[in-house]
Amino acid sequence: MRVVFATAELSPVAAVGGLAAAAAGLVGALRRSGADVELLLPDYGTIDTTGSEVIELDVPQWAGPASIHVVEHPVAGRIHLVSCPGLARSHPYLQPDGQGWLDNIDRFLRFSQAVAAWVLLSKPDVLHLNDWHTGTVLAALDDPPPTVLSLHNLAHQGHGPGSWLASIGSRAEHFEWWGGINQLSGAIALADRIVAVSPHHADEIRRPGGGFGLDAAVRARGDAVTGILNGIDTTVWNPADDAFLPAAFSSGDLGGKDRCRDTLLGRLGLSDDGSLLAVAVTRLTDQKGIDLMVPTLELLDDLPLNVGILGAGDADLAAQLAEIAGRSERFAFIDGYDEALSHLMFAGADLFVMPSRFEPCGLTQMQAMRYGTIPVVTPVGGLVDTVPDLDREPRTGRGVVARAAEPVAIASALHRAVRRFGQRRLTTIRRRLMTIDWSWDAPAAEYRRIYDQIS
Ligand code: ADP
């Protein structure tokens, strides 16, 4: 089975968010299962390509010149790095001031033309596209191979001016969107299968309000739309062997978790008064609902609970959280993206809070459970699939589910967690959470089944 897999992000080469982790995890597992995967990634200029094989691509003049460098990466394996004008930048999407590059639409339209040109040369059994950055590949190909489109985040669709429709290929009409271009809408119409990154989110995006304006387009595809839950890299996220932690631990020997907790409390500047410790590791964006924690913290009153947040993103929200942390004994905020500290937070905490407004899959709740940390979540997207409520399902439950993404509901979920989890119960639940298999093997097998069905 030969697969061309095109993505704008890839851990650890171009690691931005969940798409990067999913691309790396899925491609790795597909390759282990015997699939021959050509992994196409924009050449952002961060990998040395000297001496690598170069293939020139035949793209329309506006999109080129375009070429591919085939490189061997020590972690990600073989990558086909796609070069075309404008792709190489210091960050895949963002300028140093945090605003998007002004030509992001054009950049990924060019990338998609280059991917289409490669598909014509390579003639794979299956083409696997991911998110809007690769959507218009299907405008440029008259007769594409069987195609899977994975939807990692429907909130981003690559809207641009309608003048582009004249340039992107023979099937451009599917990408026309209220007079403009929508790089995702046509891909949803044209792909053979559309895969949301969790089963519950596959339902949500069919509903008005859940599909970010594309719900009708998704509904129109009927059974072609399914959901496959993402996995996590269980070698990177492994409490028994994690170089970022001061002590190792496992479901059979939880002793090291206490040492991680002590170190974490020190890093956060919180004192150990025997209270539970709840943390969040997150981007500071509307999606993640961290702004809801501002009023939520007020509602925690005298609850014996310490809270620590590690977050990067919205500068106003970061300033607000820093201000609250400055006058609170029980709340700490660390501004930034810090991989090492994130591992310590998953390991050292008792509870992991995700007040998300929407969550296509969510990786951090799975990472938390792998480290025996109990998720407290809102009832959205992949959180519904991965975190059954412990009160509703005492034997199989995995966390505490708030009624809604609202401060009162999140605060009452935290109250419930603190009331319910005595030390004995915590240990039992932790052990159960730590033995769940979150690896990419099962999701990759589901994708392979889809490949087999359509090819
Ligand atoms: P997203 O919507 O941001 O992709 P996910 O939960 O799918 O959310 O994945 C986010 C990934 O990024 C997780 O592996 C998480 O640990 C990591 N991450 C998010 N924010 C931070 C941060 N501030 N510091 C370190 N790692 C972070």
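**Notebook: strand S5 and the aromatic pairs**

I began with strand S5, residues 77-83, and found this strand mostly covered, with six of its seven residues buried. I note that the model is a predicted one.

**Entry 1. Neighbours of S5**

I looked up which strands pair with S5. Strand S2, residues 36-42, runs parallel to S5 and is joined to S5 by three bridges. Within S5, I found Val82 opposite Pro42.

I then turned to strand S4, residues 66-73. S4 and S5 pair in the antiparallel sense, and I recorded seven bridges between them. For Ser67, I noted Ser83 in S5 as the bridge partner. I also traced the connection from S4 to S5, which is a hairpin through three residues.

**Entry 2. Aromatic pairs**

I asked how many aromatic pairs a search of the whole structure finds. The search returned nine. I examined one of these, formed by Phe108 and Phe111: the pair is edge-to-face, with 6.4 Å centre to centre and 90 degrees between the planes.

I next checked where this pair sits in the sequence. Phe108 and Phe111 belong to helix H2, residues 104-122, and because they are three residues apart there, about one helical turn separates them. I looked up whether these two residues are buried or exposed. Both Phe108 and Phe111 are buried.

**Entry 3. Trp237 and Phe346**

I then took up the pair of Trp237 and Phe346. Their ring centres are 5.2 Å apart and their planes stand at 80 degrees, so I entered the pair as edge-to-face; the cut-off for that class is over 60 degrees.

I located each partner. Trp237 lies in the loop between strand S12 (225-227) and helix H7 (255-268), whereas Phe346 lies in helix H10, residues 339-348; the pair therefore ties together parts that are 109 residues apart in sequence.

I looked up the accessibility of each residue, with under 20% relative accessible area as the cut-off for buried. Trp237 has a relative accessible area of 12%, so I recorded Trp237 as buried. Phe346 has a value of 0% and is therefore buried also.

I asked which residues ring pairs link into a cluster with Trp237 and Phe346. I found Phe249, Phe352 and Tyr371 in that cluster.

**Entry 4. A charge over a ring**

Lastly, I looked up Trp101. Arg89 lies over the face of the Trp101 ring, and I noted 4.9 Å from the ring centre.

Notes: Residues numbered from 1 in each chain as written. Predicted model: local features only at pLDDT ≥ 70, side-chain atom pairs only at ≥ 80, totals over all residues. Heavy atoms only, no water. Buried < 20%, exposed > 50% of the residue type's maximum accessible area, 1.4 Å probe, protein only. Helix = DSSP H or I, 4+ residues; strand = E, 2+ residues; numbered from the N terminus. Pairing = 2+ DSSP bridges. Phe/Tyr/Trp six-rings, centres within 6.5 Å; stacked < 30°, edge-to-face > 60°. Lys NZ or Arg CZ within 6 Å of the ring centre and 35° of its normal.
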